[in-house]
Every structure is written in C-alpha cells, then in structure tokens.
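Reader: Before I use this model, I would like the reasoning behind some of its labels. Please take them one at a time.

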Amino acid sequence: MRYVSTRGAAPVLNFSEAMMTGLARDGGLYVPETVPTLTHAQIAAMAGQSYEDIAFAVMWPFLGDTFTETEFRGLIATAYAGFGHAARAPLVQLGPNHHLLELFHGPTLAFKDFAMQLIGQMMQAALAKTGQRITIVGATSGDTGSAAMEAFRGLANVDLFILYPHGRVSDVQRRQMTTPVEANVHALAIDGDFDVAQARVKDMFNDHAFRDGVRLAGVNSINWARVLAQVVYYFAAATALGAPHRAVGFTVPTGNFGDIFAGYIARQMGLPIDRLVIATNHNDILHRALSTGDYVTDGVKPSISPSMDIQVSSNFERALFDAYGRDGAAITALMAELKAGGFHISQGAMQMLRATFASGRCSEAETSATITRTLAQTGELLCPHSAVGVKVAEEHLGAEPMVTLATAHPAKFPDAVKAATGIHPDLPPRMADLFDRPERMTRVPDDLGQLQALIRERIAR
Ligand SMILES: *Cc1c(COP(=O)(O)O)cnc(C)c1O
C-alpha cells in the first residue's frame, strides 16, 4: 500500500512513513494511492463482531508490512481497553429511522480518542523497533489536544507539544490538556484562534530544517492514520443496522473534515452509505461551498460548539483531490488561491462533491433548541456538536436508517448543556477529580521563531 500527496510533489510513502510524517513535504496531505475494497461477504461477516475485530478487518489492508497481524491486534486491544463502554461505539435510537452513534466513551470523552489512542500505540510500537525519538506538534480547538495528551503521556519515544487557542477552549478541555503530570507532554496556550494555531503548526512542517532537526511528526486530523482509525466505526454502526444488505446514511458534525472524510473512505471501501451529510455550525464554509461552489474564508465566529469553530477545513483538500481527478497541480493552485482568501470550485468537481455529500447548517439558537427538544423527546442529553448533527440529520431523514455521530460527551460542554436544559451534566466517575488536579501550561505569542526556540529547548532537556 502506497501513499501519495494531494499536491503531487512529495515522495510516495508507505503506511508507517505516512503516519510519522503527517503533512507532506509539498504542503499536501497523504492519501492511499488506491483504496482497498472489502467484499459483500467480508462486510456481512462484521455483524455481531467486537469493535476490535471490525477494526482489524477494516484497517489491515491499509497497513502494508508495518506490523505483524498479531502485533496489530495487540495494539488495537490496548488502544480501546480504557474505554468506558464494552461496545466502544454504542448506537442509541432517537426516533423512527434515526440513530445516535455515541463516540464519547473514550478517556477524554470525545470521538478523537478512537484515532488518538490507536495512533499513540502504533507510533510507539514503530519507534521502539528502531529506537528513534520524534517530536509531535499539534494544533487543537480543544478535543484533539486533550485526546493526544491522554494517548501520548508517558510514551518513551515521543515528545508532544499541543498549541491551543488561549481562552477559547472549555474548562474541561483545558484541564484535560494541562493536568497530565508526565514530562514528555507540553500544553502551549497561543494568543489567537484555532486557525492561527494550525497555521503555525503548518509553518513548522514547511520549515524543513526545523522539521528534520527535531524529527517533527503530526497527529492533527491531517494525519492519514487518524482518518483510517475513524473509518472503523462507520462499518461497526452500519453493519449493526443491516449493512451491507441495506444502505445507511450518516450525518457528521464537521469542522476540519476528518471525521466525515473517514465516512467517504468507508463508502469507497464498499460500505453502502447512501447519504453522507456535512453538518456545520454558524462557521459554515463547507455548507456555503457545497451550496454555491465558492470556498471563501470569512473569519471564525466563536460558537457553543467550539470544536467546529474552524474556517479552513484541512481535510477538505483530500476530497478536492478526488473531485479534481487526483490532479496535484490543480490542488496546489487552489491552495495558493485560498491563501489569498478563497477559490471557486470547478463545475466538474462540484458535480462529484454534490453527488457524494449533502450539507446543512445549524444556528446557535437551533443548537440549543435541539439539545432541549432531544432531551424532552428521548431522554438523551446531547453535547452541542452532536446537537448540530441531530438538527441537520432531521432535515435529511429518508427511507434508510440515518446515523448521527455524537462526537462528544455533554459533560465536556456543561455550560451550553445547562443553558439549554437546566441540567448540569456530570463527568463520569473515573474523571471526577479533574477540577482538583494542578494545571501546567505555557502562554506563547503567535510567533514562529519563539515557538521553535521553545520546542528545541524543551526537547534538549
Ligand atoms: C473535532 C471535533 C469535531 C469536528 O471533527 P472534524 O474531524 O474536525 O470534522 C466535532 N465535534 C467534536 C466534539 C470534536 O471534538
């Protein structure tokens, strides 16, 4: 299995190299050269299997010779052992033909744990074979950072630096990043929003001297291994609801486009997904792009679903790459236009995107109202991101079962949930002492040179 860059000018890599590299050297994102497909019989066999067995069946064809079969099964088992639910990703019914896929039973209560726990195990296992060390730098709107801290703390061959927008993450998110005591993980609060944090991380990857000097690796959702780990729960949910014998739809609360792109890969692998619906909050660049063909940035507006407060959806580049017939030069040109504010998607590419994705937007008031109404109608307490998904899914219900991805636990965003319902959602007992642990973080300016100096100094210790 070989991986190519969406901009067509970076080395072709194997799985392990693509996982360690994150962003390609030409600024692009790695994608499989061809997506392996599973047969009808292979998919049918997943019904009733454990999450771990489905995970093995879905991911194994992508891995090449990175691990032996036994090693990989062991890494999967370790990754999901700390989840608070035996099903890992349980389904709950919300109404006729509408189901909620609860992806918040991992150690930091958001779906990011599914990929991050596994990538932590895979990276450590791959590095241990060679004795190498790497430096991971990631940007977060809140949940990636906490999931990464939890997955990488204490790992012997990894230093982890997480940049989060100062003052723009929830208290629970911040504390999950600032309370781990292990010396190999570092929380950095940057002056700016998520896009600023993400831009500085991209700058570090594009500075090849720095990149090679610290052996930089990435765990943002641009990392192919993360996307791959998320493909699994589409198979688990769909086969539980009757796939491949019937089609299923998915609605995905979307920010950086990683989670929904995993659904797109599941469909390419042969899973019968008839609708793949992008749900955005009022930061709706993706919904506007699918409606008008104009992908134009417009500043980030803070919302009550902050993990989706993103203006530039990094993984959308992967969908564009396919929509433009895998023409790396065309993607390079579009991304240059994006730096100047935006671009118009060609008619041919729009046809492919519209045939693949539907979209909807949910306002702040609609998000709150959906939390209130869903509690009254079903007893289910939604986090605001999941509520964005539920609202948009309800506009797209059809003959096939619809699955909305519940991306975080309500206790991660207690203020929005309390405002909508009057109920303060409690943290699960296993993390009830989060607010008693001491915090440790460093305030940093939006300055590439200073950030690089700090990282060099910390890893030299
Ligand atoms: C990260 C995140 C999202 C957005 O996922 P993307 O893969 O960036 O589209 C949605 N909800 C929650 C709770 C998240 O943490």
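**Labels and their reasons**

Author: Cys-362 is buried, since its relative accessible area is 0% and buried means under 20%. Note that this is a predicted model.

Reader: What makes Cys-383 buried or exposed?

Author: The relative accessible area of Cys-383 is 1%. The limit for buried is under 20%, so Cys-383 is buried.

Reader: How many disulfides does a search of the whole structure find?

Author: Zero disulfides are found in the whole structure. Cys-362 takes part in none, and the nearest cysteine sulfur, in Cys-383, is 12 Å away.

Reader: Why is there no bond from the sulfur of Cys-383?

Author: A disulfide needs two cysteine sulfur atoms within 2.5 Å. For Cys-383 the closest cysteine sulfur is that of Cys-362, at 12 Å, which is too far for a bond.

Reader: Why does Ser-16 count as buried at 19% relative accessibility?

Author: Buried means under 20%. Ser-16 has 19%, so it counts as buried. Ser-16 belongs to helix α1, residues 15-21. Apart from neighbours within four places in sequence, Ser-16 is in contact with Thr-66 and Ala-126.

Reader: What makes Asn-97 partly exposed?

Author: Partly exposed lies between the limits of under 20% for buried and over 50% for exposed. Asn-97 has a relative accessible area of 27%, so it is partly exposed. Asn-97 sits in the loop between β3 (91-95) and β4 (98-102). Its phi is near 65 degrees, a positive value in a residue other than glycine.

Reader: And what is the relative accessible area of Arg-326, and what label follows?

Author: Arg-326 has a relative accessible area of 31%. With buried under 20% and exposed over 50%, Arg-326 is therefore partly exposed. The loop that holds Arg-326 runs between α13 (316-323) and α14 (328-339). The phi of Arg-326 is near 60 degrees, again positive in a residue other than glycine.

Reader: Which peptide bond is cis, and what is its omega?

Author: The bond joining Ala-243 and Pro-244 is cis, with omega about 5 degrees. Pro-244 is placed in the loop between α10 (224-240) and β9 (248-253).

Reader: How do you know that helix α17 is largely enclosed by the rest of the structure?

Author: Helix α17 covers residues 384-394, and 10 of its 11 residues are buried, so α17 is largely enclosed. The buried residues in α17 include Pro-384, His-385, Ser-386 and Lys-391.

Reader: On to helix pairs. What describes two packed helices?

Author: The angle between their axes and the distance between the axes.

Reader: Why is α6 called roughly parallel to α7?

Author: The axes of α6 (residues 143-152) and α7 (residues 171-178) come within 8 Å and cross at roughly 30 degrees. Angles under 35 degrees count as roughly parallel, and that makes α6 roughly parallel to α7. The crossing of α6 and α7 is left-handed. Asp-143, Gly-145, Ser-146 and Met-149 of α6 make the contact with Gln-173, Gln-176 and Met-177 of α7. By class, the contact of α6 with α7 has two nonpolar, four polar and one charged residues.

Reader: What makes α3 and α10 oblique to each other?

Author: Helix α3 (residues 51-59) packs against α10 at about 120 degrees, with the axes 9 Å apart. Roughly perpendicular covers 65 to 115 degrees and roughly antiparallel starts over 145. An angle of about 120 degrees falls in neither class, so α3 and α10 are oblique. The crossing of α3 and α10 is right-handed. Among the residues in contact are Tyr-51, Ile-54 and Val-58 of α3 and Leu-228, Tyr-233 and Phe-235 of α10. The contact of α3 with α10 has 12 nonpolar, one polar and no charged residues.

Reader: At what angle do the axes of α16 and α18 cross?

Author: Helix α16 (residues 364-378) and helix α18 (residues 414-421) have axes that come within 8 Å and cross at roughly 65 degrees. The crossing of α16 and α18 is right-handed. Ser-368, Ile-371, Thr-372 and Leu-375 in α16 meet Ala-416, Ala-420 and Thr-421 in α18. The contact of α16 with α18 divides into four nonpolar, three polar and no charged residues.

Notes. Residues numbered from 1 in each chain as written. Predicted model: local features only at pLDDT ≥ 70, side-chain atom pairs only at ≥ 80, totals over all residues. Heavy atoms only, no water. Helix = DSSP H or I, 4+ residues; strand = E, 2+ residues; numbered from the N terminus. Buried < 20%, exposed > 50% of the residue type's maximum accessible area, 1.4 Å probe, protein only. Contact = heavy atoms within 4.5 Å. Axes fitted to C-alpha atoms, helices over the stretch in contact; angles between N-to-C directions. Left-handed = near helix turned anticlockwise from the far one by under 90°. Nonpolar A, V, L, I, M, F, W, Y, C, P; charged D, E, K, R; others polar.
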